[in-house]
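Could you walk me through the interfaces of this model in my viewer? I would like to know what to select at each stop and what I will find there.

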Amino acid sequence: MTSTLLLVQVLNGLQFGVLLFLVSAGLTLVFGVMDFINLAHGVQYMLGAYLAASIGTALGSFWAGLVLALPASLAIGLALEWLVFRHLYDRDHLSQVLATFGVILTLDEATRALWGSAPLNVPQPAGLSGGIMLTSSLGYPAWRLAIIAAGLLVAPLLWWLVERTRSGMLVRAGSTHRAIVSALGVDIGRLFALVFAIGAMLAGFAGALAGPVYAVAPGMGDTVLILAFVVIVIGGVGSIRGAIIASLLVGLVDTLGRALLPDLLRLALAPAAARQTGAALASMLVYVAMAGFLCLRPAGLFPVRRA
Amino acid sequence: MPPESPLRRWKLAGATRRVGTCGAPRMRPPLREKALPVLVLAVLAAAPFLGFGDGFALTLLARGMILGMAAIGLALLVGGAGLASLGHAATLGIGAYAVASLDAVGIDRAGIVFPVAIAAAALFAAVTGAVSLRTSGVHFIMITLAFGQMAFFTAASLSTLGGDDGYTLYARTTLFGARLLQDRLAFHFVCLGLLAAVWLLCSAVLDSRFGRVLQAARDNPLRVRALGFSPYPYRLVACTLAGGIGGLAGALLANATEFVSPATLAWTRSGELLFMVILGGVGRLYGGLLGALAFVLLEEWLSHLMTYWRLAFGPLLILAVLFLPGGLAGLRRRDG
Amino acid sequence: MAEPLLALRDLSKRFGGLTVTHALSLDLHAGEIHAVIGPNGAGKTTLINLISGTLAPDAGHVRFAGTDVTRWSLQRRARAGLARSFQITSVLERFTARENVALAVQARSGSSFRFLRPVARETGLNAAAEAELAAVGLGDRAAIPAARLSHGEKRQLELAMVLATAPRLLVLDEPLAGAGPEETARLVALLRGLRGRFGVLLVEHDMDAVFALADRISVLVDGRLVVTGDAATVRAHPEVRSAYLGDDALA
Ligand SMILES: Nc1ncnc2c1ncn2[C@@H]1O[C@H](COP(=O)(O)OP(=O)(O)OP(=O)(O)O)[C@@H](O)[C@H]1O
Ligand SMILES: [Mg+2]
């Protein structure tokens, strides 16, 4: 493997990491702040991709699709929170897991009913559909670079919002000091709904960004969801900083593992066996990391301090 | 661990409450409470002679009984031990893949196939349990999910067994040298017998000394430790037992469909199994059986009514969680 | 003199910046009732957590019956005969009173890795449990689920559980808290009956009970032992009068 190919894989890993971050951010806040475990968060990612693709196709502009997918995702998030999730805040984690699992089944099926089971055709982002020459001989898709740039923009902004502003402080305090925050005249229910909706919008944004890169198909949110759980376990539940670092880590490990492990194993094994074990090991790598963290450092890399 | 501070005390109590038991009543039903599961087993025994003897109905019932078996094992874990595993489908998958790998090398004797399937799944459950049990609460849900995914990707990479596409068995497992399991009716009664055995075994385990410690550790681990018990080995044995039962169910499932694929191990399967347990009622072992039968029948019925049947199934699931906290087994107890 | 049943040496515990136990040393002899008193937040419960192995100390040693048990877990100490109760009553609410105590009996009699025989029909276990229940005055409540017992009855039940583990040392965290006058009288009589049979470390706020029961009393203030001695010594100690009893309390 040459160093230019390695560079490509690193960039792919970063780009994947950015998408994971956008999905994990909402998940980690909802989990950390409201102690609510939402399996249906991956569905928001899928819906974001579908909405952007359909709106984009209908209006003949990828960019219109991307922009309009954001409020649409926000609205869906609010609707789900109002319909289902808010009735589950006081229930045990198992009930939350099962009910949000029901949401996944429903919305995955709804997607199939509306758009069919085949992957969707996604319009390419006008102006960014080509490649950019990184070196004289190496081109890289401009859109993937744009995804990385979007992540570089959103991540610090979100971190600032949650960790440095008054609203962020209220959100963080809302989990442990419900009574105090209510006494400040803040409607906790509204606050939670807002966090939820913003998380849903970020996931939808990730889906919209992912459309031109990956297959837009029913169930595309499930894999991302589980990887997002890996991210928040490694990063520390409720920590935006943790989510940033851990999602880049998971993105890189997953991508590089898939690219490099089969080749590495070929040094020791027969080619066919190396390909098989390499692929299996690569898919497992992040889950091994997650299990390791849960066992040895359950609070994650950046444990959120609770007063 | 400082369990005496108010905050911490709340959390400890929370950890046991938050996982799984859903405020369920004790899992030691008096005799009359065993009437319902016996009735269900009797109905299953009579079903083939009451107009449900055609291939289609028997296939459906077999599926229900097999999943019921796995769900009873999981109910032992969720209700009995307070451990909600989101990776239980892996044990089913391992049982199924054990049948497939033995089939691929020409071994089809039940005397070998079933013990291997059970042992493999139990071993997996024991090893992953040994690690997972170091965590608790929602972390336990997550780590079992992670292990389930590892099993899934392993299965998907087994190219000799078809990888993603799965593997079709050459033949069903032979019993006493005969192709007994080929016969639908015989298979029905084999499943029923094993189902009854699994239920009796798990009931006995819950009623035993072991089961009492297990349930006590679910409710109040600190109290149980202060009496001199270490919850860990009890929970580990429960995981292993549930895993072995999952392996048995998986082996039967492979025989029922004559096909195995990674889909058996998908995390959504684990979610469905967990749902069966909750739907049936987590406070009762047979809740798993009720839940599995209800699940399979509902799935079948809805998929006849409409193409996109999950559009109705998903909301039903949500409604069941929201409005049936005691599950189906809890329904009867409304008045009392 | 024989080695004490329990010996604490320079035991320290911090929670973040707050030192709750300061290099504390204390001896407790077999057969003795040793009371530990002190104001709220003095660190009494923390001390019990350190002795029982519920918490690990930051420094110092716990010796029990001649063995250093500092690194032993709660359950291992319990098996060795060191039984504790909890300030907030801790019983198994869904179990009946008999089942609660039978579980404690089970802990000391034979293996609990028995999977098939119904434990409810183990007559030996049930008989032993009922004897312990009768001893604390709950003989006629055996079949009642613990959740339906009164607060005082739960206290009695927990004591029965503690005694059923066949302990050598009882570490009791405010066993009288929340019990009514009648229940208190019964519990005090019960505790008095323990003297000479077990070592007892008794944390209690009820001063009448403490002075009636204790052979020796230690006063804990802000994580330090201020004084250890018999009732008269403790009553007379100036720091005790100001810090805990209140100057006019004994006037
Ligand atoms: N887990 C913990 N984390 C932080 N601080 C703690 C913890 N446990 C106890 N403390 C603090 O240590 C101090 C001593 O607490 P402890 O419970 O031992 O007091 P106590 O003497 O038993 O009081 P009381 O008479 O009210 O039961 C208190 O200030 C308490 O807030
Ligand atoms: Mg105290």
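Start by selecting chain B together with chain A: in this predicted model, the two bury about 4,000 Å² between them, and carbon and sulfur atoms give 76% of that area. Show the residues in contact, and you should have 45 from chain B and 43 from chain A on screen.

Now keep the chain B side of this contact and colour it by element. The elements that give two or more residues here are helix 1 (6-18), helix 6 (138-156), helix 11 (267-280) and helix 13 (310-323) of chain B. Which of them gives the most? Pick helix 6 of chain B, which supplies twelve residues to the side touching chain A. Recolour by residue class, and the chain B side splits into 29 nonpolar, eleven polar and five charged residues.

For a closer look, select A:Glu109 and B:Arg310. These two form a salt bridge, with their closest N and O atoms 3.5 Å apart. The count of salt bridges between chain B and chain A is one. Polar contacts across this interface come to four residue pairs, with both partners at pLDDT 80 or more.

Next, hide chain A and bring up chain C.

Chain B and chain C bury about 3,500 Å² between them, 60% of it on carbon and sulfur atoms. Which three residues supply more of the area that chain B buries here than any other three? Select B:Arg209, B:Arg212 and B:Arg223: this trio accounts for 27% of what chain B buries against chain C. With the whole contact displayed, you will see 36 residues from chain B and 43 from chain C.

Stay with B:Arg209 and add C:Glu122. Their side chains meet in a salt bridge, at 2.9 Å from N to O. How many salt bridges are there between chain B and chain C? The count is four. Switch on polar contacts as well, and 17 residue pairs join chain B to chain C, both residues of each pair being at pLDDT 80 or more.

To finish, colour the chain B side of this second contact by element. Helix 7 (184-207), helix 8 (209-219), helix 9 (221-226) and helix 10 (231-257) of chain B each give two or more residues to the side touching chain C. Helix 8 of chain B gives the most, with eight residues. One last recolouring by class shows 19 nonpolar, six polar and eleven charged residues on the side of chain B that touches chain C.

Technical notes:
Residues numbered from 1 in each chain as written. Chains lettered and ligands numbered in written order. Predicted model: local features only at pLDDT ≥ 70, side-chain atom pairs only at ≥ 80, totals over all residues. Heavy atoms only, no water. Contact = heavy atoms within 4.5 Å. Buried area = accessible area lost by both parts, 1.4 Å probe. Polar contact = N/O pair within 3.5 Å; in protein donor to acceptor, adjacent residues only side chain to side chain. Helix = DSSP H or I, 4+ residues; strand = E, 2+ residues; numbered from the N terminus. Nonpolar A, V, L, I, M, F, W, Y, C, P; charged D, E, K, R; others polar.
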